[in-house]
Amino acid sequence: MKKILLAVSLLTSIHAFGQSSKLHKKAVVVDTHGDIMSDQIRSGIDVGKRQPGGNFDLVRAREGGLDVQVFSIWSDASGGFALANRQIDSLNALARRHADKLQLVKTASELESVVRSKRMAGMIGVEGGHMIESRIDYLEALAARGMTYMTLTWNNSTPWASSAYDETFKRDSLKHLGLTDLGKKIIKRMNELGVIVDLSHVGETTVNDVLKITTKPVMASHSSAYKFNAHQRNLKDEQIKGIARTGGVVFVNFYSGFLDSTYSGKQAKFIADHKAELAELTKKYSSRSKAQNEINEKYKQEIYYMRAPLELLIDHIDHMVKLVGSEHVGLGADYDGAESYPQHLDDVSNYPVITDALLKRGYAEKDIINILGANFVRLLKANKAVTSLRSQ
Ligand SMILES: [Zn+2]
């Protein structure tokens, strides 16, 4: 009897696995926020080959069934238009070197044809409105180069939009709160050009100002739910509902520090516990990164248990789906942008784990297909569509 039960349960799990991998292959899988370009430029690694570290390369992406990657073109407040262009040049060079695996696209129909050819479609997301240096002509120039979305602010505010960080920690010294008149002009021009307005990192006042005037669906390219962790980078329920009301989508961030309210405490304890050893090793090697690598290797079990549970990421997704429906939720991993991701999600090869977890939660196939990427394709089409602009 035991044997029969074992055989039955084995068959059920094989069947479930078959359903999961079939569904994952059928879906267009999209990640709307990957930070590999910063690393690639700094260290010159070849992401066309399997890399021992980091979260992204084109080999592991294929294994994970990742069809579309939006590459973040990012700098802190010190970088501007020239740096954005240099990063886009690098991305173009990368795509030329690996044309058998990656092609950059600008539209949904190009995306669909590249995905059909079994290669990855790459897109450009500019993270930080400061990179247009308050100039509409720079916005237009980046749009012409294929900028899919622009995150209005990074942690720093721009002269025309306040960021979540500044609205939370520097509110009293802000020159303006929300969008200025120039900010409103920039949103209008982004809507006309079909550049998706990205509200990740953006302050609550700015978010509300954008929601009042946008004529196209907006996004949050890498933001999780505030309900589970009251962090300024996470979105409150009202914000999630507001984004969904435009027809927009929230793409959930995988960073343990945003998902899990207990993470920062555990991380602080880890740093304190190993501070002396790290200082000693740094002295020995005259290299902090080498010392850090050794600490990470030595205490990898400890680090593993600090990572957010996979089920917590699924809770964030599930909360948003219950709030606004599966048409308004997606994945924006923020890989290579942080130091910790949920257990079982080491890198881009692990995307099937999410499909599996959603099936186990009882999600219907059509809802999973929406979350994995169909919502992004719809958002892209809606933004590129020429609509009669709201007269106001
Ligand atoms: Zn970011």
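## Strand pairing around E8

Two strands pair if DSSP finds at least two bridges between them. In this predicted model, strand E8 (residues 249–252) has such partners in E7 and E9.

E7 (residues 219–220) pairs with E8 in the parallel sense, over two bridges. Here Met219 stands opposite Val249. E8 and E9 (residues 329–331) also run parallel, joined by three bridges. In that pairing, Val252 of E8 has Leu331 of E9 as its bridge partner.

## Crossover and side chains

Helix H10 (residues 237–245) joins E7 and E8 in a β-α-β unit. The unit is right-handed.

In a regular strand, side chains alternate between the two faces of the sheet. Which way do the E8 residues point? Val249 and Phe251 point one way, and Val250 and Val252 the other. All four are buried.

## The nonpolar core

The largest nonpolar core holds 97 residues. Leu199, Met219 and Val250 touch the most other members. Helix H17 (residues 365–384) gives the most to this core: eight residues.

Leu199 touches residues that include Val218, Met219 and Ala220, leaving aside those up to four places away in sequence. Leu152, Val207, Val210 and Ile243 are also among the residues it touches.

## Two domains

The domain assignment splits the chain into domain 1 (28–260 + 320–384) and domain 2 (262–307). Their C-alpha centres lie 30 Å apart.

Seven residues of domain 1 are in contact with six of domain 2. On the domain 1 side, two of these residues are nonpolar, four are polar and one is charged.

Notes. Residues numbered from 1 in each chain as written. Predicted model: local features only at pLDDT ≥ 70, side-chain atom pairs only at ≥ 80, totals over all residues. Buried ≥ 20, exposed ≤ 12 C-beta atoms within 10 Å, placed from the backbone. Right-handed = clockwise from strand over helix to strand, strands pointing away. Core = buried A, V, L, I, M, F, W, Y, C linked by C-beta atoms within 7 Å. Contact = placed C-beta atoms within 7 Å. Domains from an automatic or database assignment. Nonpolar A, V, L, I, M, F, W, Y, C, P; charged D, E, K, R; others polar.
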